[in-house]
Amino acid sequence: MTDSIVYNISVEMIEKYRGENLIVRSHDPSELVKKLNEEDLDKLSYVQIHTLGVGIDDLLGWEYAVPIDLAVQNPLTDLPLLYQYAPLLTNHAVRVSVPVAPGFLNLAKLAISLDFSVKLEVLQPGRTLFEEMIQLAHYYLHQSTVSKPIEYFHSLFLAFYHNTPLTLWSIQEEDPTRIRYITDQGEEAVSKRFTEMGPAPDSVLVIRKFIEARAAFQEECDACEFRVNCSGYFKWPRPDYNCDGAKSVFRMLKDAAIELRKDLAQLGERGENRS
Ligand code: SF4
């Protein structure tokens, strides 16, 4: 195991991975409280709850202020279950990870109104879902009541604003040099997204396949305005995926970042002229 790698493991595997940088997941919050100890906290990024609606009394009484990620499985059925997690905010940072699937827009907006952060789990969405992504990006950029980040919009907006080469792979916690998702069967994958794509969850194999597949979309990515920050993220697993929706969201965030930079520069100039 490597020092800088973060392993996303099931809580059942804690004995094997203790001492590593960890994200620990469970369907049952009480198992997290029972099995994680004070020593684990230094190397713990956050805990992840994979079944919403299970009682949270143990989490409410947990003495450690560990960040919590609520992993939504189905936005349509999980939406009403979000309310019960609001009391956790007293002692924990809470993020909702939501797959871009029917119902995600309403769920993301509800999560923000409850003061949770949001992370979108994106897997080559179709046109209708990307139209909703555009609506959500607009909401994130222009709704004054949004006080928590919606990822990947937030980090990408900052990357455009500061002109840094941060990639979606890194923002989405799928950088193969930094992260490993250990399946419940103990196999190593880059992320959960890769385990859902067929029978090759092994991270080395997945990366090799991605590099091989790259030939099919290299030209389009090389010519793409957003290649620095995307780096082919939307071309996996289907290299022929149409990126129009993805590019619209990139464009919106980039335009807003440029606009903000201009506004702040003008404000600065006005301030200098006055003094
Ligand atoms: S948006 Fe599409 S074409 Fe552009 S870099 Fe990303 S995957 Fe490649």
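**A tour from Phe234 outward**

Start by selecting Phe234, which touches Val122, Gln124, Phe130, Tyr152, Leu168, Tyr241, Cys243, Ala246 and Phe250 when residues up to four places away in sequence are not counted, a contact being heavy atoms within 4.5 Å. The model is predicted, so that local features need pLDDT of at least 70 and side-chain atom pairs count only at pLDDT 80 or more, while totals for chains, interfaces and linings use all residues. Residues are numbered from 1 along each chain as its sequence is written, and side-chain values use heavy atoms, with hydrogens and water left out.

Add Tyr152 to the selection: Tyr152 and Phe234 form an edge-to-face aromatic pair, 6.4 Å centre to centre with 65° between the planes. Rings of Phe, Tyr and Trp (its six-membered ring) pair if their centres lie within 6.5 Å, and planes under 30 degrees apart count as stacked, over 60 as edge-to-face and the rest as tilted. Tyr152 sits in the loop between strand 7 (150–151) and helix 8 (153–162), and Phe234 in the loop between helix 12 and helix 13, so the pair ties together parts that are 82 residues apart in sequence; helices (H or I, at least four residues) and strands (E, at least two) are DSSP runs numbered from the N terminus. Both residues of this pair, Tyr152 and Phe234, are buried, that is, under 20% relative accessible area, against over 50% for exposed and in between for partly exposed (1.4 Å probe, protein chains only).

Next, widen the selection to the aromatic cluster formed by Phe130, Tyr140, Tyr152, Phe153, Phe157, Phe160, Trp169, Phe226, Tyr233, Phe234 and Phe250. The largest nonpolar core has 80 residues, among which Leu120, Tyr152, Phe153 and Phe234 touch the most other members; such a core is a set of buried Ala, Val, Leu, Ile, Met, Phe, Trp, Tyr and Cys residues joined through side-chain atoms within 4.5 Å.

Finally, select Cys221, Cys224, Cys230, Cys243 and Lys247, which lie nearest the centre of the largest cavity among the 14 residues that line it. A cavity here is a set of points on a 1 Å grid over the protein atoms alone where a 1.4 Å probe fits but cannot get out, and lining residues have an atom within 4 Å of a point. Helix 11 (203–222), helix 12 (227–230) and helix 13 (244–274) each supply at least two lining residues, and helix 13 gives the most, with three.

Terms used. On a 1 Å grid over the protein atoms alone, a cavity is a set of points where a 1.4 Å probe fits but cannot get out, and a pocket is an open set with protein on both sides within 12 Å along at least five of seven lines; lining residues have an atom within 4 Å of a point.
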